[in-house]
Amino acid sequence: MAERGQLPHPAKRLCCRPGYGSGCRSGQRAGGSGPGGGPLCAGPSSAAAAAALGLLPLGKTQSPECLLDIAARKVAEKWPFQRVEERFERIPEPVQRRIVYWSFPRSEREICMYSSFNTGAEDPAAGPGGAAAPGGAMDAAAAAADENRLPFRRGIALLDGGCVDNVLQVGFHLSGTVTEPAMQSEPETVCNVAISFDRCKITSVTCSCGNKDIFYCAHVVALSLYRIRKPDQVKLHLPISETLFQMNRDQLQKFVQYLITVHHTEVLPTAQKLADEILSQNSEINQVHGALWMCIVLNPHCKLEQKSSWLKQLKKWNSVDVCPWEDGNHGNELPNLTNALPQGANANQDSSNRPHRTVFTRAIEACDLHWQDSHLQHIISSDLYTNYCYHDDTENLLFDSQGWPLWHEHVPTACARVDALRSHGYPREALRLAIAIVNTLRRQQQKQLEMFRAQKKDLLHRGVTSITNLEGWVGHPLDPIGTLFSSLMEACRVDDEGFHGFSDFTENLGQCKSLEYQHLPAHKFLEEGESYLTLAVEVALIGLGQQRIMPDGLYAQEKVCRNEEQLISKLQEIELDDTLVKIFRKQAVFLLEGGPYSGLGEVIHRESVPMHTFAKYLFTSLLPHDAELAYKTALRAMRLLVLESTAPSGDLSRPHHIASVVPNRYPRWFTLSHIESQQCELASTMLTAAKGDVRRLETVLESIQKNIHSSSHIFKLAQDAFKIATLMDSLPDITLLKVSLELGLQVMRMTLSTLNWRRREMVRWLVTCATEVGVYALDSIMQNWFTLFTPTEATSIVATTVMSNSTIVRLHLDCHQQEKLAGSARTLALQCAMKDPQNCALSALTLCEKDHIAFETAYQIVLDAATTGMSYSQLFTIARYMEHRGYPMRAYKLATLAMTHLNLSYNQDTHPAINDVLWACALSHSLGKNELAAIIPLVVKSVKCATVLSDILRRCTLTTPGMVGLHGRRNSGKLMSLDKAPLRQLLDATIGAYINTTHSRLTHISPRHYSEFIEFLSKARETFLMAHDGHIQFTQFIDNLKQIYKGKKKLMMLVRERFG
């Protein structure tokens, strides 16, 4: 290249230096800088950079990464974090931190590439990228000077000069300050740098230096390289939204106060404005529930040119690629539903071709709406607008049977009109329209009930349902039910100023819990005895009880749950009086009989939103007034069809029903765990209320067993029932205890063949529960153990606990009852031993100790299984147990069987079975010469470890075998000879093992093990010398070693020094 007189492109030169060898993968630098590497390839930060990039200098070792880091790095490279949040309901904070940590780019090549395609503004005459003119006119010094002006080079200089400070990473945003040193003509400057990134790619950068180039400035380079090379020195926080979510009220208050204090000049005006609006009851920020743009374009007095301007602006925002979707990361694939007009041919278009709905879509559609409809104008402008000429033969009547006006429009859109009227200062008009909408909903509810009753027999026979509500009202982006509820509650709010515009309605019919709301009768458009409060409560119950499909996506599903809980929370603030109880009774009956229009109907769609939370509120509200209706409602709501394989499908014969929009598939319910917990809460509430009522307890138990599919939740219910039944201040409720036991038995059956980390806890609890129920319950679970427990659980936990003294004392058993229970336990133990002798034989022997026949049977089971199904460790354990119980010959028998399964190689001198082998030999030695002679061939065959064999040999020569034999007969005191069997066979095997082990160790010995090897030979010599001609054998052995391994000169010199 030098001979051609042309240097490579500067950026290419930077990336091709020795530190970026071809052997490096992306994002890594080769170890060592190499000549000419310069600060790019080596420097003060190189060690940290190598650690950050997974590299270490040559000669160093590195411990493997933990699985969390490996997985987090892969996720950070490939998955958007938003997708991770949708896929998993809850992400542990340590996992989030590692994903955020690994999401920053790790390749300095990319930083170089995006910052080094020009030479900066210092030399305007320089060609693009600073490339030299053809012909080699630029000399090496000029090239170096030009290269040093590159932002990448300058960034490295700033980093190595310690100019980077205050580095902070919050989620996927990195910030810091870079100090530009003072020059001769310029003072020192501090630049604020911010970098956003995603999936190991930088997505945007900002710097206060004012750089207008498309390439990174030196300050961005310096901050990026700081993060790459010194990742552990960067303070890392999760996204601020996560931090705020974890704060309680006091912490949030302190956070805002300190934020205002530190940046009071920047944020104080905005903070004060927002605070004033939040504290004002009728302010726009409190009235517009997430539908701000709908309210703006629905301003009744908005001029055409203003609406056109808004429409243009909304469409512009809507067309931006990063415009947020209405339902988080899942677009709402339902057709245009903002207008109340029929959809016609568009209703059945393929959902995959429909554009995703953004946060501006509804506002754009609302631009086509107007307020010129004469019927609408009359509704909002007059309290006296009525018509008593009623004809019940049309679908969209303008007036009901009372002559009161109705407003037929897509419900969320109609409620958006109410929201817009309130937001723009028309509370009286908003209230009139709200009443008309609620009256319309009540009339529709009545008509739907009549329609279902006419078709009920056919629908129930087919087991088919359909949902006519394409959008659920609770959890809807426009919050229609919340809007109606708030509008009506405002009308009955009593404060110092009163409710202006409705001062003529001042008679109080009742009071609420906080004296904040009162029944203010509205003589217009309402029946006698009704008030704004009763109307608000009724519309809330209608919305909560609506059968609605579960939307797609985590965001939309969480919003459904959140809105439902918020609405119920508002209802709970109202104290129920007789008038409101009537409303509850009326709506509960409507919902139970409402068919496909109700979430509490007899047949519902498989994917409709469950009613557990709502039903729990209904149950607690109705229970003091109408217990039968309360239980009927709660029991109907217990179902969770999405988890059942035989749930009813949608009615495909009617294309406008939801079944045609949402295909029949296994749905992804991200909030399923929350839904199951709410189902469990509903069941627990019913169990608590039914204490002492046998019939209701049996009904609730049957519902739990049928509808709850989670073993952990059933176990929780069983524990709850047990606690309620055994309260300290009263006698145990035996019926509730039996319910608790039945639930526990169901849990045992459900988890018997599946892995459950709480299984052991569940088994112990069940035995405790059965003990409280009585002796017959304990006897029953032992007789049916095979359907409830594994053999190990049945013997080690169940039978052992039942046979314990504490259980006998707790139950106050007499001798006959004790013997009967013990008999069941022994039968269980023998059955378990037959089924799983490996794990249950010892427990069976222990449980059968007091019954000779059962004990002999258990011992025979062990012998039968010893040859095939049991390991040496299990057999040694049982053999030691037998010796402890005073059966030495049985222990010896089992020990010999265990030896046949054992195999110790030459280098296993720390094997856990060594102690068992030594014990078996000691047992045989104590029994006598014959027993020792029988076990030594087994030891020789199974054990190849020289040190173990020599240990056994020495122990056998220290004392006479069988010093105390069977029946107390004392043997002669003569020691066994090493020249005769059986010790001669053991001695030869030991010597052979030392010879084989020596050759094996010499094949791969290192100098640091030489001294250890010499000590090993010394031990070998001691064993050799035990033989009659051992001295000669050892000398020949050493001579053979010197000849065979003469290449290991240093080692052989040590052998000569020690052994000659």
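# Worked exercises on salt bridges, a sheet and a helix pair

Arginine 154 has a relative accessibility of 28%, so arginine 154 counts as partly exposed. The model used in these exercises is predicted.

**Exercise 1.** Find the salt-bridge partner of arginine 154 and state which elements the pair ties together.

Step 1. The partner is glutamate 180; the closest N and O atoms of the two residues are 3.7 Å apart. The cut-off for a salt bridge is 4 Å, so the pair qualifies.

Step 2. Arginine 154 belongs to helix α9, whereas glutamate 180 belongs to strand β2, so the salt bridge ties together parts 26 residues apart in sequence.

Step 3. The packing of these elements can be added. Helix α9 (residues 151–160) lies across β1 and β2, and its direction is at about 85° to β2.

**Exercise 2.** Describe the sheet that contains β2 and identify its edge strands.

Step 1. The sheet is open, has five strands in the order β4-β3-β2-β1-β5, and its pairing is mixed.

Step 2. The edges are β4 (201–207) and β5 (235–237); each has a single partner strand, so one side of each lacks a neighbour in the sheet.

Step 3. On average, neighbouring strands of this sheet are turned by 20° against each other, direction ignored.

Step 4. Take one pair in detail. Strands β1 (residues 164–170) and β2 (residues 173–180) run antiparallel and are joined by five bridges. Opposite leucine 168 stands serine 175 in β2.

Step 5. Helix α6 (residues 93–102) also lies across part of this sheet, namely β1, β3 (189–198) and β5, and runs at about 125° to β5.

**Exercise 3.** For the salt bridge between arginine 98 and aspartate 69, decide for each residue whether it is buried or partly exposed.

Step 1. The side chains of arginine 98 and aspartate 69 meet at 2.7 Å, N to O. This pair links distant parts of the chain, 29 residues apart: arginine 98 is in helix α6 and aspartate 69 in helix α4 (residues 67–78).

Step 2. The cut-off for buried is under 20% relative accessible area. Aspartate 69, at 14%, therefore counts as buried.

Step 3. Arginine 98, at 23%, counts as partly exposed.

**Exercise 4.** Work through the salt bridge between glutamate 681 and lysine 616, then place it in the wider search.

Step 1. The side chains of glutamate 681 and lysine 616 meet at 3.8 Å, N to O. Glutamate 681 is in helix α27 (residues 672–689) and lysine 616 in helix α25 (residues 612–622), 65 residues apart.

Step 2. Glutamate 681 is partly exposed at 29% relative accessibility, and lysine 616 is partly exposed at 28%.

Step 3. The search of the whole structure gives 36 salt bridges. Salt bridges also link Arg442, Glu530, Glu538 and Lys586 in a network.

**Exercise 5.** Classify the packing of helices α33 and α36 from the angle between them.

Step 1. Helix α33 (residues 791–802) packs with helix α36 (residues 837–847) at an angle of about 25°, the axes being 8 Å apart.

Step 2. Angles under 35 degrees count as roughly parallel. Therefore α33 and α36 are roughly parallel to each other.

Step 3. The crossing of α33 past α36 is left-handed. Residues making the contact include Pro791, Thr795 and Ala799 of α33, together with Asn839, Ser843 and Leu847 of α36.

Terms used
Residues numbered from 1 in each chain as written. Predicted model: local features only at pLDDT ≥ 70, side-chain atom pairs only at ≥ 80, totals over all residues. Heavy atoms only, no water. Pairing = 2+ DSSP bridges. Helix = DSSP H or I, 4+ residues; strand = E, 2+ residues; numbered from the N terminus. Axes fitted to C-alpha atoms, helices over the stretch in contact; angles between N-to-C directions. Contact = heavy atoms within 4.5 Å. Buried < 20%, exposed > 50% of the residue type's maximum accessible area, 1.4 Å probe, protein only. Parallel < 35°, antiparallel > 145°, perpendicular 65-115°, else oblique. Left-handed = near helix turned anticlockwise from the far one by under 90°.
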